[in-house]
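Me: Please take a close look at a single part of this model, and then follow that part outwards into what lies around it. I would like one connected account, with the cut-offs behind each term stated as they come up.

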Amino acid sequence: MSESSKRRIAIGADHAGYELKKYIAKKLREEGYECVDYGTHSKEDCDYPDVSFNVALSVSKGECDFGILICGTGIGSSIVANKVPGVRCSLCWNEYTAEMARAHNDANVLALGARVVGEELAWNIVKAWLKTPFSNEERHRRRLQKIKLIERMQQTQLEGKGELGAVEGEQFEH
Ligand code: RB5
């Protein structure tokens, strides 16, 4: 699937990210993206793991192409999302980190800190992140394979030796 056809975005925030989520979702819809809103739906205090988990799960299951998570710093949301197999959540704070997250890490979830970036910068980050394709360079594919290997080792309780060694060829689907 080409980047331009990835138009279904899961979005979620806690109370700290609620206002920025509304703003980003509106901008995305204006640009023709489909936004699946996983809440929260008010400024009432809530727990970021609840929302982050649901957004991450929707990307992990392929129900949405990408996810966007917003909390106060973006840190809690990204920690949660990165516990979900298949999710590579990138906490970005400028356009450069957004571009690198996609080009080098093939990130599929973006985390933003509503108390760190303002509306305009946040939207510029989202645009940069969405428009940047994965570079598909061999060294980046190899590193992503190692991340997948770590996930598998954790899931199957295989004993890790603290060193991943060489990963030959395309052992795991990208
Ligand atoms: C909520 O006060 C805040 O802790 C949360 O939004 C987030 O920043 C956590 O990482």
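Reply: **Helix α2 and its surroundings**

Helix α2 is followed by Gly-62, whose phi is positive, near 80 degrees. The model is a predicted one, in which local features need pLDDT of at least 70 and side-chain atom pairs count only at pLDDT 80 or more, while totals for chains, interfaces and linings use all residues. Residues are numbered from 1 along each chain as its sequence is written. Helices (H or I, at least four residues) and strands (E, at least two) are DSSP runs, numbered from the N terminus.

With 13 residues, α2 reaches 18 Å from its first C-alpha to its last, close to the 18 Å expected at 1.5 Å a residue, where the expected span is 1.5 Å times one less than the number of residues. Its buried residues are Tyr-48, Val-51, Ser-52, Val-55, Ala-56, Ser-58 and Val-59; buried here is defined as 20 or more other C-beta atoms within 10 Å of a residue's own, exposed as 12 or fewer, and partly exposed as anything in between, with C-beta atoms placed from the backbone. Seen down the axis of α2, these buried residues fall within an arc of 160 degrees, so they line one face of the helix, the arc being that of the directions from the helix axis to the C-beta atoms. As background, an α-helix has 3.6 residues a turn, so residues three or four places apart point the same way.

The buried residues of α2 pack against β1 (8-13), β2 (34-37), β3 (66-71), α3 (75-81), β4 and β5 (109-113), where contact requires C-beta atoms, placed from the backbone, within 7 Å. Looking back from Ala-81, the residues that Ala-81 touches include Ser-52, Val-55 and Ala-56, together with Leu-69, Val-87, Cys-89, Val-109 and Ala-111, not counting residues up to four places away in sequence.

Val-55 and Ala-81 also appear, with Leu-69 and Val-109, among the residues with the most contacts inside the largest nonpolar core, which has 43 residues. Such a core is a set of buried Ala, Val, Leu, Ile, Met, Phe, Trp, Tyr and Cys residues joined through C-beta atoms within 7 Å. Its largest share, six residues, comes from helix α5 (residues 119-131).

Not every residue of α2 is buried: Leu-57, which is found in this helix (residues 48-60), counts as partly exposed because it has 19 C-beta neighbours inside 10 Å. The C-alpha atom of Leu-57 is separated by 9.1 Å from that of Gly-86, 29 residues apart along the chain.

Tyr-48 also belongs to the residues around the ligand, which are Asp-14, Ala-16, Tyr-48, Cys-71, Gly-72, Thr-73, Ile-75 and Gly-76, each with its C-beta atom, placed from the backbone, within 6 Å of the ligand. This shell divides into four nonpolar, three polar and one charged, on a scheme in which Ala, Val, Leu, Ile, Met, Phe, Trp, Tyr, Cys and Pro count as nonpolar, Asp, Glu, Lys and Arg as charged, and the others, Gly among them, as polar.

On the other side of α2 in sequence, the loop between β2 and α2 holds Thr-40, and the peptide bond from Gly-39 to Thr-40 is cis, with omega near -5 degrees. For comparison, most residues other than glycine have a negative phi, and most peptide bonds are trans.

Key: Two residues are in contact if their C-beta atoms, placed from the backbone, lie within 7 Å.
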